[in-house]
Amino acid sequence: PLIRQEPIEENKLNPEDNVEEFTLLPEQSLKYFEKEADFLYKHPDYSLVANIGGTALGDIAVVPGPALKQPKGIRDFEEWYISLIKRKDYIHEVYFMQTEVSLKNIESLKQAVSNKIDVFLVTDADFGTQRSQFISNELYNELYKPFHKKINDWIHKNTTWKTFIHSCGAVEKLIPEFIDAGFDILNPVQLSAEGMDAKSLKEKYGDKLVFWGGGVDTQKTLPFGTKEEVAQQVKERIEIFSKGGGFVFNAIHNIQAKTPVENIAAMIETVKNYRI
């Protein structure tokens, strides 16, 4: 893993050091978004999904400061997770400042593209592992939920955009918190993780949340199954999640290297059959 951690001196830790990379969107970027949104909006067969970066609190891919020459603050993966318990006030302040910048950027984006956006990706910071959660519900409610809710509430009050949370892993117990925080869409719906049963998820949350994913398992079925097994799983997942709406077909996360082309074709063809 990438570790860019200077020795920590507790009495010198400054939350501002961990938000150095989160800055206001430059005018050039806003003009680019405006141009792209105008172009894509003229092609109504497609949905427009936007992400401006910087809104995902605690995104572990960003914590090391890969875009910074000499990142300061807490930049080691392990130390960051320890800080969620050991330095809650510090993390809370980091998230507060990051959220304030994010809200200004979201407002600027809205002014640039108006309601041409359909979906806004708020966070892709994972909260689940294969078997459990990274953090408890209590810790999510304390450190993340207030800021997620603040962002989602602003978007819902000021735009027509739907808000999107990406979190891999076993997050079934956190889903009620995600809904309460104002998220409209959950991705990637990792059904191969503990407690993530398709029928149960649809029954419990299908009237409150759009499932964007879960269409086929990319850990086992798609890379290692037969094309018949792929088609059967895609069929089953569509039948479960599509009832009553609230489903966007997608594989569970990215298609992995060396996945047989015929399996990918079987997935696509099965989806096409349901769209006829």
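User: Contact here means heavy atoms within 4.5 Å. With that in mind, what does Glu79 touch, not counting residues up to four places away in sequence?

Analyst: Once those sequence neighbours are set aside, Glu79 touches Gln5, Ile8, Ile74 and Arg87. This is a predicted model, in which local features need pLDDT of at least 70 and side-chain atom pairs count only at pLDDT 80 or more, while totals for chains, interfaces and linings use all residues. Residues are numbered from 1 along each chain as its sequence is written, and side-chain values use heavy atoms, with hydrogens and water left out.

User: Fine. Where does Glu79 sit, and is Glu79 buried or exposed?

Analyst: Glu79 belongs to helix 2, which covers residues 77–86; helices (H or I, at least four residues) and strands (E, at least two) are DSSP runs numbered from the N terminus. Its relative accessibility is 18%, so Glu79 counts as buried, given that buried means under 20% relative accessible area, exposed over 50% and partly exposed in between, with a 1.4 Å probe and protein chains only.

User: Let's zoom out. How many helices and strands are there, and how much of the chain is buried?

Analyst: The protein chain has nine helices and six strands, and 47% of its 276 residues are buried. Its C-alpha atoms, taken along the principal axes, fill a box of roughly 60 × 40 × 35 Å.

User: What share of the contacts join residues at least 24 apart?

Analyst: If you take contacts in the protein chain between residues at least 6 apart in sequence, 75% of them join residues at least 24 apart.

User: What about the interior: how many residues are in the largest nonpolar core, and which have the most contacts inside it?

Analyst: The largest nonpolar core has 67 residues, and Tyr95 and Phe178 have the most contacts inside it. Helix 3, residues 88–113, gives the most to this core, with ten residues. A core in this sense is a set of buried Ala, Val, Leu, Ile, Met, Phe, Trp, Tyr and Cys residues joined through side-chain atoms within 4.5 Å. In soluble globular proteins, nonpolar side chains tend to be buried together.

User: Which residues are in another core, apart from that one?

Analyst: Another core, apart from it, has five residues, among them Val119, Leu121, Ile185 and Trp212.

User: Back to Tyr95. Which element is it in, and what is it in contact with?

Analyst: Tyr95 lies in helix 3, and it is buried because its relative accessible area is 0%. Leaving aside neighbours within four places in sequence, Tyr95 is in contact with Leu57, Gly58, Trp80, Leu84, Leu143, Tyr144 and Phe147. The C-alpha atoms of Tyr95 and Pro146 are separated by 9.8 Å, although these residues are 51 apart along the chain.

User: And Ala50: what does that one touch?

Analyst: Not counting residues up to four places away in sequence, Ala50 touches Leu109, Ile117, Val119, Phe120 and Leu121, and two of those names, Val119 and Leu121, also appear in the five-residue core. Ala50 itself lies in strand 1, residues 49–50, and counts as buried because its relative accessibility is 11%. Its C-alpha atom is separated by 22 Å from that of Pro66, 16 residues along the chain.

User: Switching to the backbone: which peptide bond is cis?

Analyst: The peptide bond from Asn187 to Pro188 is cis, with omega near 5 degrees, and Pro188 is found in the loop between strand 4 (185–187) and helix 6 (198–205). Most residues other than glycine have a negative phi, and most peptide bonds are trans.

User: What is phi at Ser114 and at Lys258?

Analyst: Ser114 is not a glycine, yet has a positive phi of about 55 degrees; Ser114 lies in the loop between helix 3 and strand 2 (119–123) and is partly exposed, with a relative accessible area of 36%. For Lys258, also a residue other than glycine, phi is positive and near 70 degrees. Lys258 is in the loop between strand 6 (247–248) and helix 9 (261–275), and it is exposed, at 84% relative accessible area.

User: Last one: where is Gly246 found, and what does Gly246 touch?

Analyst: Gly246 is in the loop between helix 8 (227–241) and strand 6, and its 28% relative accessibility is why Gly246 counts as partly exposed. Beyond residues up to four places away in sequence, Gly246 touches Lys202, Leu209, Val210, Phe211 and Phe241.
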